[in-house]
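Let's take a friendly walk through this structure, strand by strand and charge by charge. Keep the viewer open as you read.

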Amino acid sequence: MSATRKIRAGRRTVEVSRPEKVLFPEDGITKADLAEYYRTVARRMLPHLRGRPLMLERHPDGIGEPGSGFMQKDIPEHFPDWIHRAELPKEDGTVTHVLCEDTATLLHLADQGCVTPHRWLSRADRPDHPDRLVFDLDPPGDEFPLVREAAGRLHELLEELELPSLLMTTGSRGVHVLVPLDRRAPFDDVRAFAADVAGVLTERHPDRLTTAARKKDRGDRLYVDIQRNAYAQTAVAPYAVRARPGAPVAAPLSWADLEDPDLDARRWTLADADRLVKDDDPWSPAPRARSLSPAVSRLQDLARHPRPHPHPRRRSA
């Protein structure tokens, strides 16, 4: 087994140790494969990482080893000095997070067995004011047609509120719907607004959607989860590899992609790196970040004067 592999990334050369170490045993995917994937998608991925504190999901012994994976917030002491950092407050002190500003950092994270970077919804310079609001739509099982239906309904509601939104598979079971914000509102206000949106959505479709936090109260309804909208909470980064067999990735989508009957949460994988960067960017041009204030007023008006809404159309499987 080769001791190291050197990969050029801009002005730096990053050494990947034990490049032939298998991280995905069912698929034979190695650390070198993971690093090469992140090198390939870096130009698409980095704009969604820069300036954001990260939580690292590390699997140095591979995803097949029980208990081998762990989440890491504090940057390890042995990380090189050229990697950017952000020291941010927590309840009993501070945490120094990694900031991924360039391809070299992304490669170093892969070398450290970081399969999945999870990002904050705010940036390190204003950590209390998010520039992303996220709705996490996970089905009760692997019923992706229900996810497609829920995402479409949420998109329609956000359009009524005149808020642009972005769609992404999570690489796990569902999708994330993200709203770009102008960073004026603090997390508490953003979370309260997200909860109100989820409330209106589930009132319109009570037989299909729910905001019930307890699984036993959901039945076969899809959970509209807004819990990530809080200080220091994270969401999987766009283009991140998930620690699941097949190495699925969190893939940005266009809203038109939602109509594809073959779409599911794990549609794209590490093996699709070239396609992900060669196809048109589904999030380009980036929508303008919006203030929540006008949307709050529109949502209050909807709550006072609910519009007749037909029984939800079931999307084809």
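## Strand 5 and its neighbours

The bridge partner of Leu-54 in strand 9 is Arg-119. This pairing, like everything below, comes from a predicted model. Strand 5 and strand 9 (residues 114–120) run antiparallel and are joined by 5 bridges.

Strand 9 shares strand 5 with other partners. Strand 8 (residues 93–99) pairs with strand 5 in the antiparallel sense over 2 bridges, and there Pro-53 has Leu-99 as its bridge partner. Strand 6 (residues 70–72) also runs antiparallel to strand 5, with 3 bridges between them; in that pairing, Arg-58 is matched with Phe-70.

How many residues of strand 5 are buried? The count is 6 of the 6 in residues 53–58, so the strand is largely enclosed by the rest of the structure. In a regular strand, side chains alternate between the two faces of the sheet. Here Pro-53, Met-55 and Glu-57 point one way, while Leu-54, Leu-56 and Arg-58 point the other way, and all are buried.

## An open sheet

Elsewhere, 6 strands form an open sheet with mixed pairing, in the order 13-14-10-12-11-16. Strand 13 (209–210) and strand 16 (252–253) are at the edges with a single partner strand each, so one side of each has no neighbour in the sheet. The partner of strand 13 is strand 14 (residues 222–225); the two run parallel and are joined by 2 bridges. Within that pair, Thr-210 has Tyr-223 in strand 14 as its bridge partner.

## Salt bridges

Side chains of opposite charge can pair when their charged atoms come close. A search of the whole structure finds 15 salt bridges, including those in this table.

| Salt bridge | N to O distance |
|---|---|
| Asp-131 and Arg-52 | 2.9 Å |
| Arg-123 and Asp-131 | 2.9 Å |
| Arg-298 and Glu-162 | 3.1 Å |

The pair of Arg-298 and Glu-162 links distant parts of the chain: Arg-298 is in helix 6, Glu-162 is in the loop between helix 3 and strand 11 (166–169), and they are 136 residues apart. Arg-298 is partly exposed, with a relative accessible area of 28%, and Glu-162 counts as partly exposed at 48% relative accessibility.

Which residues are joined into one network by salt bridges that share partners? They are Arg-52, Arg-123 and Asp-131. Is Asp-131 buried or exposed? Asp-131 has a relative accessible area of 6%, so it counts as buried. Arg-52 is buried as well, whereas Arg-123 is partly exposed with a relative accessible area of 24%.

## Helix 6 and a charged patch

Leu-302 is also worth a look in helix 6 (residues 292–304). Its relative accessible area is 6%, so Leu-302 is buried. From C-alpha to C-alpha, Leu-302 and Leu-34 are 47 Å apart in space, with their positions 268 residues apart in sequence.

On the surface, a patch of negative charge gathers Asp-142, Glu-143, Asp-207, Asp-220, Asp-262 and Asp-264. One of these, Asp-142, lies in the loop between strand 10 (132–138) and helix 3 (144–160). Asp-142 counts as exposed because its relative accessibility is 57%, and the cut-off for exposed is over 50%.

Technical notes
Residues are numbered from 1 along each chain as its sequence is written. This is a predicted model: local features need pLDDT of at least 70, side-chain atom pairs count only at pLDDT 80 or more; totals for chains, interfaces and linings use all residues. Side-chain values use heavy atoms; hydrogens and water are left out. Patches are made of residues with over 30% relative accessible area and no salt bridge: like charges are joined within 9 Å, nonpolar side chains (Val, Leu, Ile, Met, Phe, Trp, Tyr) within 5 Å. Accessible areas come from the Shrake-Rupley method with a 1.4 Å probe; for residues, only the protein chains shown count as cover. A salt bridge is a side-chain nitrogen of Lys or Arg within 4 Å of a carboxyl oxygen of Asp or Glu. Lys and Arg count as positive and Asp and Glu as negative; His and the chain ends are not counted. The place of a charge is taken as NZ of Lys, CZ of Arg, CG of Asp or CD of Glu. Helices (H or I, at least four residues) and strands (E, at least two) are DSSP runs, numbered from the N terminus. Buried means under 20% relative accessible area, exposed over 50%, partly exposed in between (1.4 Å probe, protein chains only). Two strands pair if DSSP finds at least two bridges between them.
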